[in-house]
Amino acid sequence: MKPVALTIVNGTLVTPDGLCPGTLRCEGARIVSLGDVTPHVGDEIIDAGGKLVAPGIVDLGVFTVDKPAFHFGGITRAALMPDQNPPLDHPARVQFLAYSGKPDLWVHPLAAATVGLEGHNLAELALMRDAGARAVATGRRWIADSGVMLRLLRYAAMLDMVVVTHAEDGGLAGDAVATAGIMATRLGLPSAPAEAEALAVARDIALAELAGARLHLRQVTTRAALDLVRAAKRRGVAVTAGVTPAHFMLSDIATAEFRTFARMSPPLRDEADRQAVIEAIGDGTIDVVASGHDPRGPEDKRLPFADAEPGMAGAETLLAMVLTLVRDGVIDMPRAFALLAANPAALLGVEAGVLAEGMEADIALVDPQKPWIVSSDKMEASAGNTPFDRQPAQGRVTALYKGGVRVGK
Amino acid sequence: MTATPTPSASGRFPAGWYAFPHRDLLGIGQLQTHEIMFLLAEAEQWVELNRQPSKHSNSLSGLTIINAFFENSTRTLLSFEIAGKRLGADVVNMHAAQSSVKKGETLIDTAVTLNAMRADAIVIRHASSGAVRLIAEQVDCPVLNAGDGQHEHPTQALLDALALRHALRERGRTEFAEGLWGLRVTICGDILHSRVARSNILCLTALGAEVRVCAPPALMPAGIEEMGVKPFHDFDAALDGAEVVMMLRLQNERMNGQFVPSTREYRHLYGLTAKRLKKAEPNALIMHPGPMNRGVEIDNDVADLEGRSIITRQVEMGVAIRMACLEVLTRRTRGVPGWSAADMAGEIV
């Protein structure tokens, strides 16, 4: 569908500078003006009814392209992890996936850092960049060989691509499915100390600093590792950190009774680390909150805990969970959308994620108060593996526009 | 053994199913102290029966019990089989090696299949923690956990408590006739990989014992002190004042990588030798859930020490405890007064 000129009136615009009542006008898939704007003759007029007019969410790190779930959650762009079958280590696969969601969802494939994500030989990063990869990722794996990691970071720095890493020291993590502590001990689950994360973060920061590369730690979930990120940022290292709602909403208590919907990678941490994540979101150490969307059916989840696949279907609950942080006073509304849209868009180098002139007209109308109940059986996602099943949530997207075109209409 | 009168269960526990309001026995962690004591009390009659020349009861006559063992076992399987047969039930053993599990069938499908065969109780052993609970959620009959991964092995802990109670009673320690308040127990060995250790920690602490656990750091689970036990790395210190010493073997089959330099070195630090046993209380009892690695965690002369080692007693009590568990859990199916579905009115937990 060709975008028509569109004016959203009577909304509360979520801009980097704050919330302001106003009007937003789009033309030719871009935002052309906002604030005190008069609709042009012939514009389609949408009345936001005082609700939030926010940038569409840019989800940095999903494991599958699941359009209904993304649209429910207000996601207009999703960065696809290279952990596919086969892995995204070839330009042709990257190119195919980069077009797979258009027009109403833009998929930004993340190139596999190494062939087969095996951590040995660098993949064809430049060819994949030119085929549409917006960044490089190590997947849900750790590159054990520091020599390979340094070569990767130097090469990616030359190509000006961010390297998205998974921070878990493989030697410590081994076949662990839980964080060492009383919960794992009681359940008798293979576990690794939480320090496995800090070790990996320390190495990756040191190497990125040496290489002059941009490093994005996709999930930082422990106090020790967050302290390292905080210190590195203070030194001026080009490091950013992300997290998914599971790690600020839940602690390892959620794995009681072997609930596989709470099996995550990295595993859920203890309560003190959960608090540390919230603190880090509040003080700006964490830059990105992503869904880590990974819908998994019973064949992957209705198994003994250690045999089940990690991950959760997170796209639909992402916004509501971040809004809990706004209601709790940890962050304000503009910062919520910086975490969800502006920062990930900047990392990926796409002209979206903020309401500003010239940006892509990816817009979500949000009712931040709207109550609803998360229900595993009624989700839009291709599987309902959410640890928030039957929990009340607040905040829903009421309409979504991708490039100035209403999604789902 | 002296003919000590068996205490009767009546009058000391809540009436009917309130005494044991569980459909399954998945772990000691789900039980209240009085529920543990109830099972121990119920087992006494079966200890008596098992010592008669004719060891048969018809209580479970007509019922089918499936022993589904997804992990190899000799003694536990045999013990459950004998327990079921002595109660008059039809017992069927399913070995993983012969099952369709090897052909790729999922655990859930196996559970559904077992359920469709209308078993009246299923006894399960599985190599993954939590697997038995997962199967229990899919079937309509009582499920008994015969060991799931590194999680729990409840009947082992119950039989250990029963064996202890008997041995202490014979020694005239009347203060332990009911609970084990203040009894100093040292558990030494591969605590990390041991479901027996976890169930025993839960059971012994529930009964009031002071439990110490001893292992090298690599074999000690994180946060174990939060389970109410005192961790030790020095075996001599852990033995000081111990009235009961429970040894566990190294579970090499569950180890991923090297946890101890060699069995020789392990024996040097953690082997229960006659000399080391002297650090414990005189007359301290010696226990081992088996199978033993003689010459590694326990020396021959200690394992066979007359009057001190109750290792064979543990095996004997195993049959009685499993009879008690099977008999109690099938009361609903058998419509025992006070235990029927109508009595429970859907309140089962």
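Reader: Starting with chain A, is A:Asp160 buried or exposed?

Author: In this predicted model, A:Asp160 is exposed, and its relative accessible area comes to 55%.

Reader: And where in chain A is A:Asp160 found?

Author: A:Asp160 sits in a loop of chain A, the one between helix α4 (146–158) and strand β10 (163–165). Its backbone is worth a look as well, since A:Asp160 has a positive phi of about 55° although it is not a glycine.

Reader: What about B:Arg118, what is its phi?

Author: B:Arg118 is not a glycine, yet its phi is positive, at about 55°. This arginine belongs to the loop of chain B between α3 (107–116) and β3 (121–126), and B:Arg118 is exposed, with a relative accessible area of 69%.

Reader: Changing topic to peptide bonds, which one is cis in chain A, with omega near 10°?

Author: That is the bond leading from A:Lys102 to A:Pro103. The proline, A:Pro103, is in the loop of chain A that lies between α2 (91–99) and β8 (106–112).

Reader: And in chain B, which peptide bond is cis with omega near -10°?

Author: There the cis bond runs from B:Gly290 to B:Pro291, and B:Pro291 is located in the loop between β9 (285–287) and α10 (300–303) of chain B.

Reader: Now the cysteines: how many disulfides are there over all chains?

Author: Searching the whole structure gives 0 disulfides over all chains.

Reader: Why is there no bond between B:Cys214 and B:Cys188?

Author: The closest cysteine sulfur to that of B:Cys214 is in B:Cys188, and because the two are 4.1 Å apart, they are too far for a bond. The cut-off for a disulfide is a pair of cysteine sulfur atoms within 2.5 Å. As for its surroundings, B:Cys214 is buried, with a relative accessible area of 0%.

Reader: How far is B:Cys325 from the nearest cysteine sulfur?

Author: The nearest one is the sulfur of B:Cys203, which is 11 Å away, and B:Cys325 is in no disulfide. With a relative accessibility of 1%, B:Cys325 also counts as buried.

Reader: Last topic, helix α11 of chain B: what does it reach from its first C-alpha to its last?

Author: Helix α11 of chain B, which covers residues 311–329 and has 19 residues, reaches 27 Å between those two atoms, close to the 27 Å expected at 1.5 Å a residue.

Reader: And how many of the residues of α11(B) are buried?

Author: Of its 19 residues, 16 are buried, and α11(B) is therefore mostly covered under a cut-off of 20% relative accessible area.

Key:
Residues are numbered from 1 along each chain as its sequence is written. Chains are lettered from A and ligands numbered from 1 in the order in which they are written. This is a predicted model: local features need pLDDT of at least 70, side-chain atom pairs count only at pLDDT 80 or more; totals for chains, interfaces and linings use all residues. Side-chain values use heavy atoms; hydrogens and water are left out. Buried means under 20% relative accessible area, exposed over 50%, partly exposed in between (1.4 Å probe, protein chains only). Helices (H or I, at least four residues) and strands (E, at least two) are DSSP runs, numbered from the N terminus. The expected span of a helix is 1.5 Å times one less than its number of residues.
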